[in-house]
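Notebook open, coffee ready. Today I'm looking up where the ligand sits, and then I'll poke around the rest of the chain.

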Amino acid sequence: MKNSLKPLRIALTKGRLEKDTVALFEKIGYDCTAVRDKGRKLILPVGDSIEVVLAKAPDVITYVENGVCDLGVVGKDTIIENGSCFYEILDLGFGRCKFAVAGKKGVDCLAGFSTKTIATKYPNVTRRYFESKGMDVRVIKIEGSVELAPLLGLADAIVDIVETGTTLKENGLEVKEDVCPISARLICNTASLKLRKAEIEELAQKMEDAIND
Ligand code: PRP
């Protein structure tokens, strides 16, 4: 169904999820030339019924929660860490990786009764995970390259995203425990799903069909 008012606005997580989403839109048949040739532009048309907004992952959630974007594409990692005042309507199947506890290879880094220090970009995920194990830990927030923390002696272990495992391997680290699997999700503003239900459901259906094709 063609939108009679304004385009559906979709916030995409910049980077790999953006590329995978554009590939999915093209598979459906949308013209993504403007996104592919975007230069430094951040709001771009896709076909004549969608407008794409390029943002960092936590900002995708902020824009969707506040209703300035109808939909968003964001990793489950960001959703678990930042909470969810929106509907999660589709597992997009790409961006697959996992949250894991990792530490120095061959070292039993969680052994013993002393309080362990865990470095992570995801303090909420980390606290919840260790709480569920009944373990009291000290959590230190790191903004990136979390693998440095155990190597520098700042932390006993890390909780981080593992995709191929290459970063851990090349830095003498290994997965100690899997926390949970992650993939990209299509999220939707709660009011948008009521006000633009038909358009959103049609798009979500097309995306699901293209994923399963
Ligand atoms: C993520 C994650 C790991 C790496 C895992 O980092 O934090 O460092 O990817 O990928 P791999 O298992 O395929 O090696 P990202 O590239 O997002 O950068 P960051 O560490 O600065 O967040």
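Entry 1, the pocket. I looked up the space taken by the ligand, and it is the largest pocket. A pocket here is an open set of points on a 1 Å grid over the protein atoms alone, with protein on both sides within 12 Å along at least five of seven lines. To sit in one, a molecule needs more than half of its atoms within 2 Å of the pocket's grid points. Two elements give two or more residues each to the shell around the ligand: strand S9 (157-162) and helix H7 (166-170). S9 gives the largest share, three residues. Note to self: helices (H or I, at least four residues) and strands (E, at least two) are DSSP runs, numbered from the N terminus.

Before going on, I noted that this is a predicted model, where local features need pLDDT of at least 70 and side-chain atom pairs count only at pLDDT 80 or more, while totals for chains, interfaces and linings use all residues. Residues are numbered from 1 along each chain as its sequence is written, and side-chain values use heavy atoms, with hydrogens and water left out.

Entry 2, the neighbours. Which residues surround the ligand? I listed Lys121, Gly144, Ser145, Glu147, Asp160, Ile161, Val162, Glu163, Thr164, Gly165, Thr166 and Thr167. Being near means having a heavy atom within 4 Å of the ligand. I sorted the shell into two nonpolar, six polar and four charged residues. In this scheme Ala, Val, Leu, Ile, Met, Phe, Trp, Tyr, Cys and Pro are nonpolar, Asp, Glu, Lys and Arg are charged, and the others, Gly among them, are polar.

Entry 3, polar contacts (pairs of N or O atoms within 3.5 Å). Lys121 has a polar side-chain atom 2.5 Å from a ligand oxygen. For Glu147, I found a polar side-chain atom 2.6 Å from an oxygen of the ligand. Thr166 uses a polar backbone atom instead, 3.5 Å from a ligand oxygen. On its own the ligand has 490 Å² of accessible area, and the protein covers 66% of that. Such areas come from the Shrake-Rupley method with a 1.4 Å probe.

Entry 4, two shell residues. Is Val162 buried or exposed? Val162 is in strand S9, and its relative accessible area is 7%, so it counts as buried. The cut-offs, using a 1.4 Å probe and protein chains only: buried is under 20% relative accessible area, exposed is over 50%, and partly exposed is in between. From Val162 I went 16 residues along the chain to Asp178, and their C-alpha atoms are 9.4 Å apart.

Ser145 is in the loop between strand S8 (137-141) and helix H6 (148-152). With a relative accessible area of 51%, Ser145 is exposed. Its phi is near 45 degrees, a positive value in a residue other than glycine. That caught my eye because most residues other than glycine have a negative phi.

Entry 5, elsewhere. Phe99 lies in strand S6 (residues 97-104) and is buried, at 0% relative accessible area. Phe99 and Val125 are 26 residues apart in sequence, with 8.8 Å between their C-alpha atoms. Lys14 is in the loop between strand S1 (8-13) and helix H1 (16-28), and at 43% it is partly exposed.

Entry 6, the whole protein. I counted nine helices and 11 strands. Of the 213 residues, 45% are buried. The C-alpha trace spans about 65 × 30 × 30 Å along its principal axes.

Key:
A polar contact is a pair of N or O atoms within 3.5 Å; within protein, one must be able to donate a hydrogen and the other to accept it, and residues adjacent in sequence count only if both atoms are side-chain atoms. On a 1 Å grid over the protein atoms alone, a cavity is a set of points where a 1.4 Å probe fits but cannot get out, and a pocket is an open set with protein on both sides within 12 Å along at least five of seven lines; lining residues have an atom within 4 Å of a point.
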